[in-house]
Amino acid sequence: MNRIIFISDFYYPEFVGGAELNDYSLIKRLEDSGQTQIIKMRSHQITPEYLISNKNASFIVSNFSNLDKDSMDTLQEECDYVIYEHDHKYLKRRNPVSYTNFLAPKEDLANLSFYENAKSVICLTKLAEDVLIVNTGLQNTTRIGSSVWLDEDLNFIKSLNKEVKSPIKRRLDCVNYCKKNNIDYDLIKDNDHKKFLEKLSNYSGIVFMTGHLETCCRVIVEAKMLGLKVITQKKLIGFYSEEWSALSGIDLIEKIKSLSQNSVNIFLENFSKKKERIIKYSKYNFKS
C-alpha cells in the first residue's frame, strides 16, 4: 500500500474553499481506492526533520503558503513529491490576470525550482496547465481535466437537478450587471456546502465575476450541473478551456464523475515515474 503524506495550508471542513473541497474529494478517493494510506499534514507543521524521517513516503503538496523554505529545499533534495496545482504559486502575485496574455516577466516568477523538481505538477484544466507552461517552460505537467468531486456529492447534485431553476465573488460588479440588464437577482450564501447547492438549485442562472484566473471554478461547474445559465468571463475560467464545458445537467455530471474517478490513477501513475533531481542542496544530514 502506498503511504502518501498530503500537505496543505488548510483542510475542509475547517475552511470551505474550492481548493479545500477539491483536496477533500481527492483524499477520500485515494483512501477509498484501497491502494493508499493518507496522512494529512498542515504545511506549517512540516519541518526538514519530519521530511527526512518520512522520506520513504510519497508526498502530495497542495496549497503551500505556510511551507518554509528549508522544508521546500528538503522536499526537493530528499523526497518524491507531486504538486497539486490550485492557485498559481509559480507567480509572486499568484494571479496571471495581472499580465498581458497571462505572461509574467521573469522577475515576477516564484518557486521555480520547487515546481521543476516535482515528479509532476498536476493541474486541474487545460487553461491552468497552459498558463503554467507558458510562464515556466516546465515539461513535468499534466492535468485531470476538472476539479474532483465525490460520487456521493455528484449524486446529490443530480437529485437537485431541475429544468427550471446568483451567488457572487465580485459582488458589486455582479449586482451592477444585474441592475443594468434588468435581471431579478438574490445574493445567496451558506457555509454548509450542500445547503448552498440546495439554494442554488432553485435559480435559473448565476452571475459570477472574478478578478483572478480560476483554475477550474467549482461553483460554475456545479451551477452547470444543476442546469443553470451562467454569466461570467469565460476566458478567465479554466472550466471553459475543456471541450466538455459545453455539457450541462446530467451529461455534465456523468463526465465529471468519470474525470473524478480517473484522478486516482493520474496521481498514482505520476508517483511511479522516475525523475532525476534537477536542483541539489545537500544542506541537511539528519538521521532518518
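How much area does the chain expose, and what share of it do carbon and sulfur atoms supply? The chain exposes about 13,800 Å², and carbon and sulfur atoms supply 46% of that area.

**View 1. The whole chain at a glance.** Before zooming in, please keep in mind that this is a predicted model. The chain is built from ten helices and eight strands. Of its 288 residues, 54% are buried. The close-ups below visit some of these buried places, along with one loop.

**View 2. The largest nonpolar core and its best-connected residues.** This core has 48 residues, and those with the most contacts inside it are Ile60, Tyr84, Ile220 and Met225. Several elements give two or more residues to this core: β1 (2–8), α1 (18–32), β4 (80–84), α6 (151–160), α8 (193–200), β7, α9 and α10 (249–271). Helix α10 gives the most, with nine residues.

**View 3. The surroundings of Tyr84.** Here we look at one of the residues with the most contacts inside the largest core. Leaving aside neighbours within four places in sequence, Tyr84 touches a varied set of residues, including Phe6, Leu26, Ile60, Val61, Ile122, Leu124, Ile144, Val148 and Phe267. Asn22, Asp23 and Ser62 are also in contact with Tyr84. Apart from the largest core lies another core, of 34 residues, with Met72, Tyr99, Tyr115 and Val121 among them.

**View 4. A right-handed β-α-β unit.** Strand β7, helix α9 and strand β8 together make this unit. The two strands, β7 (residues 205–208) and β8 (residues 229–232), run parallel and are joined by four bridges. To find your way along the pair, look for Val207, whose bridge partner in β8 is Ile231.

**View 5. Helix α9 under cover.** Helix α9 spans residues 218–225, and eight of its eight residues are buried. The buried set includes Arg218, Glu222 and Lys224 as well as Val219, Ile220, Val221, Ala223 and Met225. These buried residues pack against α1, α6, α8, β7, β8 and α10. Just after the helix, Gly227 takes a positive phi of about 90°.

**View 6. Helix α5 and what covers it.** Helix α5 covers residues 126–136, and its buried residues are Leu127, Ala128, Glu129, Val131, Leu132, Asn135 and Thr136. An α-helix has 3.6 residues a turn, so residues three or four places apart point the same way. Among the elements that cover the buried residues of α5 are α4 (112–116), β5 (120–123) and β6 (141–143). Just after α5, Gly137 takes a positive phi of about 70°.

**View 7. Cysteines without a disulfide.** A search of the whole structure finds zero disulfides. Cys216 is in no disulfide, and the nearest cysteine sulfur, that of Cys217, is 7.3 Å away. Is Cys216 buried or exposed? Cys216 counts as buried because its relative accessible area is 1%, under the 20% cut-off. Cys79 is buried too, at 0% relative accessibility.

**View 8. Gln45 in its loop.** Where does Gln45 lie? This residue sits in the loop between β2 (36–42) and α2 (48–53). Gln45 is partly exposed, with a relative accessible area of 41%. Gln45 and Leu67 are 22 residues apart in sequence, while their C-alpha atoms are 8.1 Å apart in space.

Methods: Residues are numbered from 1 along each chain as its sequence is written. This is a predicted model: local features need pLDDT of at least 70, side-chain atom pairs count only at pLDDT 80 or more; totals for chains, interfaces and linings use all residues. Side-chain values use heavy atoms; hydrogens and water are left out. Two strands pair if DSSP finds at least two bridges between them. A crossover is right-handed if, with the strands pointing away from the viewer, the path from the first strand over the helix to the second runs clockwise. A disulfide is a pair of cysteine sulfur atoms within 2.5 Å. Buried means under 20% relative accessible area, exposed over 50%, partly exposed in between (1.4 Å probe, protein chains only). Accessible areas come from the Shrake-Rupley method with a 1.4 Å probe; for residues, only the protein chains shown count as cover. A nonpolar core is a set of buried Ala, Val, Leu, Ile, Met, Phe, Trp, Tyr and Cys residues joined through side-chain atoms within 4.5 Å. Contact means heavy atoms within 4.5 Å.
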